[in-house]
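Trainee: Could you take me through one part of this protein closely? I would like to start from the whole and then settle on a single residue and the helices around it.

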Amino acid sequence: MAVLKVKFTKTKRDKLAQVLWILNWISVVTGAILFSLGLFLKVEINKRGELMAERDIQYVPNMLIAVGLIACAINFLGGKICYDCVDTTKFLRWKLIMLPYIICTFFFTFCVLVGALMCYSMRGELEESLNLGLTDAIRFYKDTDTPGRCFLKRTVDLLQIHFQCCGNNGYRDWFQIQWISNRYLDMSEKEVIDRLRSNVEGKYLMDGVPFSCCNINSPRPCIQQQITNNSAHFNYEHQTEELNLWMKGCRQALLEYYTHIMQSIGLAVLITWLFELSVLTGVRYLQTSLENVLRQGDPNSESDGWLLENSFMETARTNLNIIKSLGKNNHIHTSNNGDPNINVPSTSKAHYGPDNVPPKQITEGS
């Protein structure tokens with residue numbers, strides 16, 4: 001029994017073909033949108049590539065770019081097919097192509113769904129990449145004279161100002177690393193020497209943060225040095241007072257930023273998948289109804305269209321049998337211990353020579 005069978009008149013078939021022609025061209029536009037979204041996400045990731053570890057997080061934008069380009073090509077072809085199917089006679093040129101086209105488009109829509117799910121599952125890998133990348137960026141913050149790292153200070157400062165964040169997980173991350181370059185340290189001062197000697201690794205550690213961690217909305221002048229020293233500032237208690245620093249870590253700020261982008265893109269891709277699936281359903285109805293018209297021989301007659309000619313179980317069983325038969329045809333059967341000559345029929349007469357003449361007859365003739 002056919003699945004979701006619908007009866008079509010000639011007028012309905014023509015209107016369906018015209019509507020599908022328009023929808024396919026709309027799908028071309030949605031494919032271009034998918035391409036643009038993938039390109040936008042790729043640019044946003046590369047824009048802050050210095051703050052990310054070398055992790056494989058480019059697969060999502062790359063897949064969106066590829067899916068967008070394929071969508072443009074597939075739907076352009078689908079628009080041409082539906083335009084020609086308004087005329088039943090022109091359908092003949094596409095009759096053998098439509099079923100493979102529908103199958104390929106079905107698998108393509110599955111790829112679109114996978115792309116939407118990947119946008120939501122990328123958060124974990126992105127968080128790990130940001131955690132490792134920001135840790136290295138903060139550690140190399142002071143290396144303004146080192147090739148390849150000289151721009152990290154500017155990058156981190158702009159990041160903390162733009163995203164209103166401080167450190168990797170918080171402002172205390174700056175207490176654990178030396179973020180002031182040795183070229184700015186006065187080695188003649190006893191305090192500097194004591195700080196360097198007090199640390200096992202010989203680093204100049206202090207309870208201070210860069211200026212970019214200061215909260216510009218605070219009415220009090222920024223306290224960025226000796227943050228934990230209450231006596232160093234007037235009317236100050238760092239454990240109870242709300243510090244005029246950005247409290248959020250940059251990893252969390254960037255993660256929220258990219259998560260918002262990926263969720264928006266994922267929703268757009270999911271809507272595109274539903275739209276492509278509806279267009280594919282209409283193309284399937286158009287194909288089956290036109291094939292039934294050809295069987296009847298009257299282009300103006302009514303015809304049935306369906307998604308599947310048989311039930312889901314029967315269709316699955318038929319396809320499984322086809323796959324099994326293909327496997328059997330490709331399998332070489334051998335018997336009788338694998339000797340291919342064992343069944344070759346033998347003659348009762350001996351073969352004497354090229355002319356099949358016994359040697360005795362040759363002797364008598366000579």
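Mentor: Happy to. The accessible surface of the protein comes to about 22100 Å², and carbon and sulfur atoms account for 59% of that area. Please keep in mind that this is a predicted model. Of its 366 residues, 37% count as buried. The protein has nine helices and two strands, and from the N terminus on the elements run β-α-α-α-α-α-α-α-β-α-α. Among contacts between residues at least 6 apart in sequence, 72% join residues at least 24 apart.

Now for the close look, and I suggest Ile261. You will find Ile261 in helix H7, which covers residues 250–296. Is Ile261 buried or exposed? Its relative accessible area is 9%, so Ile261 is buried, the cut-off for that class being under 20%. Which residues does Ile261 touch, if we leave out those up to four places away in sequence? They are Phe40, Leu41 and Glu44. Helix H1 spans residues 10–47, so you can look for these three partners of Ile261 along that stretch. Cys119 is worth finding too: Cys119 and Ile261 are 142 residues apart along the chain, yet their C-alpha atoms are separated by 9.1 Å.

From here, let us turn to the helices. Two packed helices are described by the angle between their axes and by the distance between those axes. Take H7 with helix H3, residues 95–121: the two pack at an angle of about 165°, and their axes are 9 Å apart. That angle makes H3 roughly antiparallel to H7, since the class takes in angles over 145 degrees. The crossing of H3 and H7 is left-handed. Sorted by class, the residues of the contact between H3 and H7 are 20 nonpolar, six polar and four charged.

Next, follow H1 to helix H2, residues 59–84. The axes of H1 and H2 come within 7 Å and cross at roughly 165°, which means that H1 is roughly antiparallel to H2. Here, too, the crossing is left-handed. In the contact of H1 with H2 there are 22 nonpolar residues, nine polar ones and one charged residue.

To bring this back to your residue: Ile261 is a buried residue in helix H7, in contact with Phe40, Leu41 and Glu44, and H7 itself packs with H3 at an angle of about 165°.

Methods: Residues numbered from 1 in each chain as written. Predicted model: local features only at pLDDT ≥ 70, side-chain atom pairs only at ≥ 80, totals over all residues. Heavy atoms only, no water. Axes fitted to C-alpha atoms, helices over the stretch in contact; angles between N-to-C directions. Helix = DSSP H or I, 4+ residues; strand = E, 2+ residues; numbered from the N terminus. Parallel < 35°, antiparallel > 145°, perpendicular 65-115°, else oblique. Left-handed = near helix turned anticlockwise from the far one by under 90°. Nonpolar A, V, L, I, M, F, W, Y, C, P; charged D, E, K, R; others polar. Buried < 20%, exposed > 50% of the residue type's maximum accessible area, 1.4 Å probe, protein only. Contact = heavy atoms within 4.5 Å. Areas by Shrake-Rupley, 256 points an atom, 1.4 Å probe, with all protein chains shown as cover.
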